[in-house]
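Visitor: I should be grateful for a close look at a single part of this structure. Please describe one element in detail and then place it in its wider setting.

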Amino acid sequence: MTVHTFIDEAPETGPATTPLKAGRATSDIGEANQWTLVWYKFSRNKLALVSGVAILFFCLVGLFAEFLAPAIPDASRPQFTNAPPQQLGFFVTEPDGSQRFQLHVTGYAMEVDPASLRRTYVPDPEQVVPVGLFVTGAPYKMWGLFNADLHLLGPTEAGDTMYLLGTDRLGRDLMSRLIYGTRISMSIGIVGVCISLVLGVVLGAVSGFYGGVIDTLTQRVIEVISSMPTIPLWLGLAAAIPLTWSPLMVYFIITLIVSLFGWTGLAREVRGRFFALRGEDFVTAATLDGSSERRVIFRHILPSLTSHILAVVTLALPTMIVAETALSFLGIGLKAPIVSWGVLLQEAQNVRTIANAPWQLVWPAGAVVVTVLAYNFLGDGLRDAADPYES
Amino acid sequence: MPTRPASAPDLAPPPAPAAADDDVVLSVEHLSLDFRLRTEVLHAARDVSFKLRRGKTLCLVGESGSGKSVTARALMHIIDRNGSITNGRILLTGEGEPIDIARLRERGRELLAVRGGRIGLIFQEPMSSLSPVHTIGSQIIEALQLHRDLNKKAARERAIELLGQVEIPNPEQMVDRYTYEFSGGMRQRAMIAMALAADPEILIADEPTTALDVTTQAEILDLIKRLQASRGMAMLLITHDMGVVAEVADEVVVMHFGRIVEHGSVDDIFYAPRHAYTRRLLDSTVKLEQSRRAAPPADAPAPRVILAARHLTKVYGTTRSWFGRETAAIKAVDDVSFDLHAGENLGIVGESGSGKTTLGRMLLRTVEPTSGSVTFFGDGEPVDVLGLSRRKMRDFHRQVRLIFQDPFASLNPRMTVRDIVGDPLIVAGKASGRELDRRVAELLELVGLDPAMRERYPHAFSGGQRQRIGIARALALDPKIIIADEATAALDVSIRAQILDLLLDIQKRLDLSFIFISHDISVVRYFCDRVAVMHRGRLVELGPAEQICTAPREPYTRSLISAVPNPDPRNKRMLHRTRFTA
């Protein structure tokens with residue numbers, strides 16, 4: 001027979017817990033809004049967090065390209081073609097043998113191959129080129145608005161050379177070109193996605209909310225668009241751009257072309273979410289409260305979608321960047337004097353460059369890879385954190 | 001990584017069992033389970049000890065969050081990744097050497113042999129616990145071949161035999177059917193067959209009938225009980241329903257926030273509860289066995305009709321053939337007529353698929369009726385609801401409100417409580433600014449919530465509190481009628497009674513009528529004056545609540561009422577229930 005036992009205490013009022021960290025009050029969670037909860041969840045994903053920092057870094061580099069670049073991207077010095085990267089040093093040895101702090105790069109010694117008469121450069125540790133922070137250098141027009149000549153890092157004496165990432169076949173500083181390219185490549189993704197976003201959200205929302213014929217029609221259009229092979233189509237459209245157009249104009253047309261095919265995935269995602277949310281009880285409740293369709297969409301459904309849209313957009317950005325790079329690499333995208341990562345890659349398109357000056361390929365390609373990876377990790381993290389309310 | 005205190009004894013043979021304890025097949029000793037959450041460690045089970053005996057049923061009772069399910073799953077070493085066993089032993093005695101399950105390695109050979117081989121598990125959701133892409137037979141055969149050395153042919157024969165044992169008709173044919181061809185009750189039977197495939201010594205049933213209708217529940221419990229008796233298995237049944245406990249348990253363990261607060265024989269628990277929580281749990285269960293509504297005095301004036309439904313019908317899946325002929329697929333609601341009186345509570349009961357929810361939605365026109373009429377007698381002229389324009393519908397929706405079943409899905413998680421409760425007022429243009437704030441505070445007070453909490457978001461509230469928020473939203477526009485669609489189904493028993501009392505209390509203060517849709521007969525009996533019973537889309541019986549619950553006229557109603565478990569172990573109702581065949 002079972003013994004009848006019980007705990008001779010009053011019932012407890014809540015679950016037994018031990019806080020992991022003392023201090024942080026758990027009660028503030030009640031007043032935390034959607035974005036705070038998303039941030040709690042997102043910040044636990046360290047990889048996504050690091051990626052976010054990397055993206056921010058690239059954006060800042062693009063934003064302050066003129067100041068950060070040591071030189072003007074088009075300034076070429078024919079006597080230093082295909083020069084290898086110079087090493088940044090911190091201490092110089094004085095003639096008396098003592099060490100002194102001085103930012104510097106080592107100069108070049110030129111050697112001429114007697115057989116082919118080709119000039120090659122090797123870093124010469126004997127030559128010291130002093131460099132400094134916040135130096136005056138080549139004048140530029142900041143954001144096209146005002147004149148300035150301050151650079152973050154550069155040789156202290158004008159005429160000295162500092163090629164931290166080497167030079168290209170015309171003797172232009174690769175580092176400066178890469179920094180200017182960051183501006184174009186990062187912005188083409190963001191501008192392109194903005195166009196896609198408007199198209200995708202509007203068409204997706206209309207399609208998902210009303211359903212029926214409108215939905216069928218939109219979906220068929222999306223299917224037709226996504227069934228087209230993209231590269232030949234881009235090629236065709238880009239080839240149709242008149243040669244007489246200014247590089248800036250070409251830039252806008254290229255973003256438009258890239259984004260015209262990027263919105264379909266976004267529209268589908270938004271439509272799917274709308275379908276799911278339309279059946280939710282709280283949306284029915286809003287309708288029964290007497291809310292108009294507009295109010296239901298903008299006050300109840302769209303706020304539930306924003307974090308999801310943000311995640312999808314982040315995942316769409318790298319495809320834009322890759323598309324621009326591909327077009328420019330094929331020689332039908334952006335053209336000089338505009339510098340983008342794709343343009344830089346196109347210049348490194350031959351075997352001689354890869355054999356003799358691999359830095360011209362490594363750095364732009366590395367930038368593309370790092371950015372695309374960072375966007376993907378960030379997007380994955382956002383997607384996982386986008387719905388903080390699911391259990 | 002589970003940490004064990006040094007004091008825990010090593011795996012030594014258990015203390016010489018007393019002669020009376022020969023029947024013990026599994027003993028849980030001082031089991032503690034911890035779960036690591038974002039900011040804290042949750043002690044989901046604390047110092048839990050009990051024994052399972054051959055041929056006996058132990059019921060683990062508790063409300064949501066009491067740790068009953070995690071404890072039961074820990075017996076098979078099924079623990080979520082953020083959880084760990086911090087203390088205690090789970091000794092599987094019975095045949096051969098005793099095994100401490102708490103120490104078995106995850107994915108170890110020994111653990112796999114125990115899972116399904118010596119302990120069988122039945123889940124709550126028969127809809128999601130069976131694979132949709134395999135036949136029922138192949139799933140049972142897989143379980144058989146994992147634990148028994150059988151060839152394909154012998155396993156198939158055994159599977160057919162098992163399906164026969166769980167009383168599935170035509171087992172030879174059903175063995176090759178897919179999951180979707182089985183109803184909920186049949187799936188649960190198939191699930192039981194699978195759990196029994198390897199002749200386990202112990203059967204763990206985790207809320208096996210919660211997702212099922214009362215009549216199906218009675219059949220399944222009946223079946224489990226008989227199978228257990230014939231096989232001499234020990235059973236651990238997890239449930240929140242005291243009625244089910246009274247019907248099937250031998251021994252009862254009451255859990256509350258991770259602790260066992262009371263443990264005893266079923267008779268002791270029901271007739272001599274010692275712990276305050278057990279008493280509270282029983283009180284709220286027993287309370288729902290009576291009616292809170294006073295019978296109207298005999299000389300009362302004829303009640304005024306406030307809503308009249310006539311011949312309401314909803315047909316789904318009508319397909320027009322190429323020659324213009326219409327073929328009806330499913331009649332969800334079939335020619336239903338009733339009146340709702342002012343100040344009255346009308347209950348609509350029925351099992352799943354009886355059309356009760358569709359009926360409620362048709363009254364609000366969130367589902368358009370195929371035919372019939374709804375007339376609303378408000379303050380002015382009678383209103384033909386089905387003929388209203390969209391603009392006029394808004395007016396109607398302000399007077400007839402809906403309370404939802406799911407307190408989690410029905411509140412927008414991205415809005416504060418103030419915005420949620422105030423939304424209907426803003427939309428109706430009735431209040432703004434300070435006035436809105438005052439009105440929201442008033443409404444929250446009316447439903448028993450602290451108005452200071454109105455800046456918080458829904459995730460800060462428990463299920464019962466959220467349902468109160470939903471009620472406040474429904475009351476915001478001074479409605480005449482409230483349709484409550486399974487408004488208490490997702491809540492724990494003790495909170496269920498609180499919410500019903502709240503609604504009755506509000507009704508006294510405001511001039512309200514309720515249409516209460518529920519599958520739970522005790523809730524309807526407690527709350528309603530009159531009850532309409534629905535079955536397969538038709539209204540079977542309509543009458544005073546007391547009469548329907550004590551002296552039903554129709555055979556279907558009789559079978560439905562008699563299948564409701566009675567929370568009294570000395571008077572088991574389910575075993576001699578009347579069955580309805582149609």
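Guide: In this predicted model, the buried residues of helix 11 of chain B are B:Lys356, B:Thr357, B:Leu359, B:Gly360, B:Arg361, B:Met362, B:Leu363 and B:Leu364. The helix spans residues 356-364 and is mostly covered, with 8 of its 9 residues buried. Just after helix 11 of chain B comes B:Arg365, which takes a positive phi of about 60°.

The wider setting includes the contact between the chains, to which chain B contributes 45 residues and chain A 40 residues. On the side of chain B that touches chain A, the elements giving two or more residues are strand 2 (40-53), strand 9 (251-256), strand 10 (259-265), helix 10 (276-287), helix 12 (390-399) and helix 13 (417-427). Strand 10 of chain B gives the most to this side, with 6 residues. By residue class, the side of chain B that touches chain A comprises 17 nonpolar, 14 polar and 14 charged residues.

Strand 10 of chain B also pairs across the chains: strand 1 (residues 5-6) of chain A runs antiparallel to it and is joined to it by 2 bridges. Within this pairing, B:His263 of strand 10 stands opposite A:Thr5.

Chain A itself is assigned domain 1 (80-167) and domain 2 (177-385). The C-alpha centres of these two domains of chain A are 39 Å apart. Their contact involves 5 residues of domain 1 of chain A and 5 residues of domain 2 of chain A. On the domain 1 side of that contact, 3 residues are nonpolar, 2 are polar and none is charged.

How values were computed:
Residues are numbered from 1 along each chain as its sequence is written. Chains are lettered from A and ligands numbered from 1 in the order in which they are written. This is a predicted model: local features need pLDDT of at least 70, side-chain atom pairs count only at pLDDT 80 or more; totals for chains, interfaces and linings use all residues. A residue is buried if 20 or more other C-beta atoms lie within 10 Å of its own, exposed if 12 or fewer, and partly exposed in between; C-beta atoms are placed from the backbone. Helices (H or I, at least four residues) and strands (E, at least two) are DSSP runs, numbered from the N terminus. Two residues are in contact if their C-beta atoms, placed from the backbone, lie within 7 Å. Ala, Val, Leu, Ile, Met, Phe, Trp, Tyr, Cys and Pro count as nonpolar, Asp, Glu, Lys and Arg as charged, and the others, Gly among them, as polar. Two strands pair if DSSP finds at least two bridges between them. Domain bounds come from an automatic or database domain assignment.
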